[in-house]
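Subject: Handing over a structure

Hi,

Here is the structure I promised to pass on to you. Please have a look through it first, and then read on for my notes.

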Amino acid sequence: MAAPRVAVVGAGVIGLSTALCITETCPSCSVTILSEQFSPNTTSDVAAGMLIPHTYPGTPIHVQKQWFKETFTYLFAISNSPEASEAGIHLVSGWQVFKNTPKEELPFWSDVVLGFRPMSEAELQKFPQHRCGQAFTTLKCDCPPYLLWLEKRLKATGVQMYTRKVADLWELHREYHVVVNCAGIGAHQLVGDEKLFPVRGQVLKVHAPWVKNFIRDGDGLTYIYPGIHRVTLGGTREKENWSLTPDPGTTKDIFDRCCSFEPSLQGAQDIKVKVGLRPSRQCVRLQREVWSQGGVKLPVVHNYGHGAGGFSVHRGTAKEAAHLVGECIAALQGSSLKAKL
């Protein structure tokens, strides 16, 4: 069979990373990315890009840990390379604080991040409303630079990218041997996934270069994540809210909450408000299936539904999706060989 043609639908961090992993594991493939939006207009562009995992109730913990570890290892290597600045990846230290003692003493990812330890009494004096906390160093991706860096890597390997709205994956069966669905929240309509729902996130991106440490409330609602150029202040988690319009009342609430953690943010300049819809479900949909109509078959690989934790596991899930694409191609090559026999 000729070089297998693979279409990846979606150009957020999941789609771009999956396409890159396919080129690495199946170098004979011809890979094309089709998306209605590219950076800076994807949901991933709004994300803070912090590597602090979100737990998926429907996915075994050892699998989540493997995804996170692979992602952390991959980004850590980039952070240690001359490309770190262009890719927007850097180490950041800080604290996760709790008003009540968390159920689990050690989160499953505690031995993947660097220097994880309980906060000292002296550190906790900074957070008088909180009883305990964890200090550690993790990685942060500044999202637009990272997406552009991924695009550059993909173009260098010959991947084609087209702005195109795909209304039905089946429409691609004449052009491609395998279709990979990385449509994020778009999968709700694209494949009719009723288990997928938006969790609306509103954040502020501010200029406050003196803020160097991240601070995250244990409930995940309030956070301060310093990037290379801007600090991300958050946030909200509004289930089933499809609105992409910033809410001024929410902006004030986020700003006030973050200032209660870090009073110096009162002096923050150039406040930009961003809204994204996290594609959420009980577990990431990472599977392959074969669609058929009238005797024609189309192998489809799904990789979407990462919710608030996409950046933390993007490379791990992309590697797994690429492996599934490899299985699809092997099956196609096997069937074409049988046809010749």
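Where does Pro-40 lie, relative to strand 2 and helix 2? Pro-40 sits in the loop between these two elements. Before I go further, please keep in mind that this is a predicted model, and that every value below is computed from it.

**Backbone features**

Pro-40 also takes part in a cis peptide bond: the bond that leads to it from Ser-39 has omega near 15°. A cis bond also links Gly-234 to Gly-235, with omega about 5°. Here the setting is a loop between two strands, since Gly-235 is found between strand 11 (231–234) and strand 12 (238–239).

Two residues caught my eye for their phi angles. Glu-240, which is not a glycine, has a positive phi near 60°. This residue belongs to the loop between strand 12 and helix 8 (248–261), and with a relative accessible area of 52% it is exposed. Asp-270 is not a glycine either, yet its phi is positive at about 50°. Asp-270 is part of strand 13 (residues 269–293) and is partly exposed, at 43% relative accessible area. For context, most residues other than glycine have a negative phi, and most peptide bonds are trans. You may want to look at these places yourself.

**What UniProt lists**

An unreviewed UniProt entry gives residues 5–324 as "domain: FAD dependent oxidoreductase". In the model, the C-alpha atoms at the two ends of residues 5–324 are 15 Å apart, and this span is 28% helix and 33% strand.

The unreviewed entry also lists Thr-43, Ser-44 and Val-166 under "binding site". Two of these listed residues are worth a visit together. Thr-43 is in helix 2 (residues 43–46), and Ser-44 is placed in helix 2 as well. Is Ser-44 buried or exposed? Ser-44 is buried, because its relative accessible area of 11% falls under the 20% cut-off. Thr-43, at 35%, is partly exposed.

Their contacts, leaving aside neighbours within four places in sequence, are as follows:

- Thr-43 is in contact with Gly-276 and Leu-277.
- Ser-44 is in contact with Gly-12, Val-13, Cys-143, Leu-147 and Phe-311.

**The nonpolar cores**

The largest nonpolar core is made up of 65 residues. Ile-33, Leu-75 and Tyr-146 have the most contacts inside this core. Which element gives the most to the core? That is helix 9 (residues 310–340), which supplies 9 residues. There is also a second, separate core of 21 residues, and Ala-135, Leu-204, Ala-208 and Ala-268 are included in it.

Leu-75 makes a good starting point for a look inside the largest core. Beyond neighbours within four places in sequence, Leu-75 is in contact with Leu-51, Ile-89, Leu-139, Cys-141, Tyr-146 and His-314.

**Two buried residues**

Thr-32 lies in strand 2 (residues 30–35) and is buried, with a relative accessible area of 6%. Apart from neighbours within four places in sequence, the contacts of Thr-32 are Val-6, Ala-7, Val-8, Gln-160, Tyr-162 and Tyr-176.

Met-119 is placed in the loop between strand 4 (114–118) and helix 5 (121–124). Although in a loop, Met-119 is buried, with a relative accessible area of 8%. Which residues does Met-119 touch, not counting those up to four places away in sequence? The list is Trp-95, Gln-96, Val-97, Leu-124, Phe-127, Gly-133, Gln-134 and Ala-135. As for Gly-133, this residue is 14 residues from Met-119 along the chain, while their C-alpha atoms are separated by 5.2 Å.

**A pocket**

Finally, the second largest pocket holds about 450 Å³ of space. Its lining consists of 19 residues, and those closest to its centre are Thr-55, Phe-98, Glu-104, Arg-216 and Gly-218. Sorted by class, the lining has 7 nonpolar, 7 polar and 5 charged residues.

Happy to talk any of this through once you have had a look.

Best wishes

Notes:
Residues are numbered from 1 along each chain as its sequence is written. This is a predicted model: local features need pLDDT of at least 70, side-chain atom pairs count only at pLDDT 80 or more; totals for chains, interfaces and linings use all residues. Side-chain values use heavy atoms; hydrogens and water are left out. A nonpolar core is a set of buried Ala, Val, Leu, Ile, Met, Phe, Trp, Tyr and Cys residues joined through side-chain atoms within 4.5 Å. Buried means under 20% relative accessible area, exposed over 50%, partly exposed in between (1.4 Å probe, protein chains only). Helices (H or I, at least four residues) and strands (E, at least two) are DSSP runs, numbered from the N terminus. Contact means heavy atoms within 4.5 Å. UniProt positions are given in the numbering used here, feature names are shortened, and annotations may be inferred rather than shown by experiment. On a 1 Å grid over the protein atoms alone, a cavity is a set of points where a 1.4 Å probe fits but cannot get out, and a pocket is an open set with protein on both sides within 12 Å along at least five of seven lines; lining residues have an atom within 4 Å of a point. Grid points are joined across faces, edges and corners, and a volume is the space filled by probe spheres set on the points. Ala, Val, Leu, Ile, Met, Phe, Trp, Tyr, Cys and Pro count as nonpolar, Asp, Glu, Lys and Arg as charged, and the others, Gly among them, as polar.
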